[in-house]
Amino acid sequence: MRTAIVVERLGHVYPDGTEALKGVSLAIGSGDYLALCGPNGSGKSTLARHLNGLLKPTEGRVLIGDLDTRTRTPAELAPHVGYLFQNPNHQLVAPTVEQEVAIGPRARGLSPREVRNRVAEALGELGIEELRSEHPLFLTLAQKQLVAIASLLALRPSVLVLDEPTTALDATERRRVMEIFDELWRAGRAIVLITHEMDLVAEHARRCAVLADGRMVFDGDPEGLFSSPEVLELASLERPQVAELGARLGASRPWLTVGDALRSPAAAGITSTIGLTLGRDGRETAANHSPRFLGANVPPEAL
Amino acid sequence: MSQHSPSPMAVGSDVVVHLQGVAFRYPDSDRDALHDVDLTIRRGEIVGIVGASGAGKSTLALVISGQIPAFVEGHLRGDVMVLGRSTRGRKASELAESVGIVYQDPEAQLYGLTVEEELAVGLENRNVPAAEIEERIRWALDVVGLRAALLTRSPYDLSGGEKQRVVIASVLALRPAVLVLDEPTSALDPGGKSTLYDLLGRLAHGGVTVIVVEHDLERLVLQANRLIWLEDGTIRAIGSPAEVLGESYLDAATPLRLPQVTELARRLGGPRPYPLDIAAAIRYAPIVRLASR
Amino acid sequence: MTLSSFYVPRDAPYRRLSPPTKVILPLALMTAAFLVSQPVTNLGLVLIVAALLRSAAVPGSVVRGFAQVLLTLIPVITVSWTVFYRSGAPVFNLGPIVVTEAGLIRAVATDLRFTAIVLSVPLILGTMPQQDLVAALRWLRLPYLLCFIIALALRMIPTLERDVAIIRDAQRSRGVELDKGGLVVRLRGLASIVLPLMTVSIGRLEVLARVIESRGVTRRGPRSFYRRPTPGPVDLAIMFCSVGALVVVSIAKTTPLGRIVIG
């Protein structure tokens, strides 16, 4: 795993004097799936905005590959780090999905043929080819979100920063979009997921960075986080309900997810009757895995 | 409107909301957004409306609060009775005194330069005397748990949770007997969600009937007296949370975001009623057995 | 600097006046500057405005901001009057341009008039919070709905500013360059901001319209006034004198002595 982004002793003070980040250091590897957590005001959104150069450090620096964010505009960094905003309506501009996804590649000066390739590639990877000629504003929120993701993918970034992508989605949409992120990760990208939904952290993230009051107070795996009550308290975080349950019942292994809890001998027979499958890496996925997810091998952009 | 006691408007009947044979179709649509909806809600209940995106939850909230047909075009059939009167043909400002609605985005519902203005405008426009306005503002702030010091602040400067509560206070200042909320917790962090649900519990305890559209069920199931599960525009199940969530065994991938303990019980194929929280889960035999391996 | 940042809470003599007074007095001064064209009298008006700004403890940064507007206006005004006004006794020649005495006087007078008018604005916006301004307009019998709309517009400014900031960040993040580039790039960038802004605003306005209607803002009939300003005798005297002075000035302009003093 190469290092994709290095955050070195990052400090950020806003114009009104608020010190949002105090000496935060973090190295994000090219294959990381990192959850970024913390209460409101902890600095997690501030930190996230440094990762693609939207904010410039007041102290320290952020390196994307060997590019210093202070020397590049965020648009120049978009082919390396894609940042997905919470509300897709803040981005949608074009009358068709196709044109919408083409905006980034065109703005970056790619040839018309390459632009067409990138659009097809992005729509294909997400399985939304059939939305190509639709007007983005008439789509559902979940569909708009996919269009926004496609717009980012068209620049082939090797890191994706996802800002609270699941808060307004129902359970089916949420599952679908988290599976997409899993696929995008498996295709070789680093994922940084900003969320306060700890069940998603337990289910998908491999690593968790917790901020409180502008400082990094934890950097480790979700299991480590859920067994550190002081950190949870400090960052006003709660364990997922099933983890809490497992702890109360004194389960022999920690229960991070519902799947974990079910993966005990007594449950094995019943689990297969209902038709759940365990994914390649032991993480559980829902039975109705859509055949449209190609899991295309998009070559990671060389940094 | 001259009430001096801080309790909400009390009207004789125990049934506050009654829908009979209700159906609604948006203009230019080829199918009904709601059909065959019959329901009765009583004073002081907390009722949750749950279901997949597009199932008609927001539409139902708009119908109950009278926003359909007061603002929203379309073809509404059936009877919608709130506090014994039909919502048809009534003006929005008059409806607001019976049933208030709080939408998802606080930013779209705040119009005042100060929190005080937010709360006072509705009362000023009803010619409520200044002394009474003052009292009602104080009451509304108190109910939602905001400090009086916030009165002179701009609503824009407040946190998401505080904004949401200012909107609720503004709606409550008109003393509706029914409060409808459409996905009030989407933009809130876990602390904000808990605060909001505590507030809804207090309101119901004080006699206000609360109807909440929600897709994250973890806290709702603990507060709601009943849930209405909507699917494709009609009621799939209605009953206590335990009863309704018990129905969810039918689909492997249900669109409801169940509390994890409920999901666990469902996947174990254990007996219904499924536990809705940790306290119930630790007494639920199949889960206890799981832990002892 | 946004409209909301002109006001900084401070205690000062002028600020203790009632909001309607703090609207009428500056408006009267602005109108007087309009009516008066004699430079010396105009200078007097500018000095009055300056004295009131001082007495109101309006922050220097705010006044400087408005002064910068003047710095762009004054050269244009001065040059226009001196170059294009031909009647009267010539003072000197600049090639084909003849500068006359009357032209110079008019230039100075107009500069001073604009100064008085522009500097009267912070005297209104910087001496009370926005909600007091709106209450003053309502007290002055401006129609309720109009007052509400003004308040709503003021309230929406920070929201729109934040929307624009988020939209710009979202567009940058997907590769649209907003931080450098020539005219074409900049124009394209502008389009990528305007359309989402409209989408987001229109959606919000639809909900807002319902909320406003539900609160009864469009009702006809009597309404109460929760924070009605209560001007005292000094306030009423000042307002009366301000309006009275304008009447006097208007009438005086028709007399020979008036024409000398007022112009």
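Modeller: Let's start with a definition: two residues are in contact if their C-beta atoms, placed from the backbone, lie within 7 Å. This is a predicted model, where local features need pLDDT of at least 70, side-chain atom pairs count only at pLDDT 80 or more, and totals for chains, interfaces and linings use all residues. Residues are numbered from 1 along each chain as its sequence is written, while chains are lettered from A and ligands numbered from 1 in the order in which they are written.

Colleague: How do you know that chain C is in contact with chain B?

Modeller: By that 7 Å test, 26 residues of chain C are in contact with 27 residues of chain B. Helix 7 of chain C gives the most to this side, with nine residues. Helices here are DSSP runs of H or I, at least four residues, and strands are runs of E, at least two, numbered from the N terminus.

Colleague: What makes up the side of chain C that touches chain B, by class?

Modeller: There are 13 nonpolar, six polar and seven charged residues. Ala, Val, Leu, Ile, Met, Phe, Trp, Tyr, Cys and Pro count as nonpolar, Asp, Glu, Lys and Arg as charged, and the others, Gly among them, as polar.

Colleague: And how many residues do chain A and chain B bring to their contact?

Modeller: Chain A brings 40 residues and chain B brings 32 residues. Helix 10 of chain A gives the most to its side, with seven residues.

Colleague: Why are strand 3 and strand 9 of chain B said to pair?

Modeller: Pairing asks for at least two bridges found by DSSP. These strands of chain B have five bridges, in the parallel sense, so they pair.
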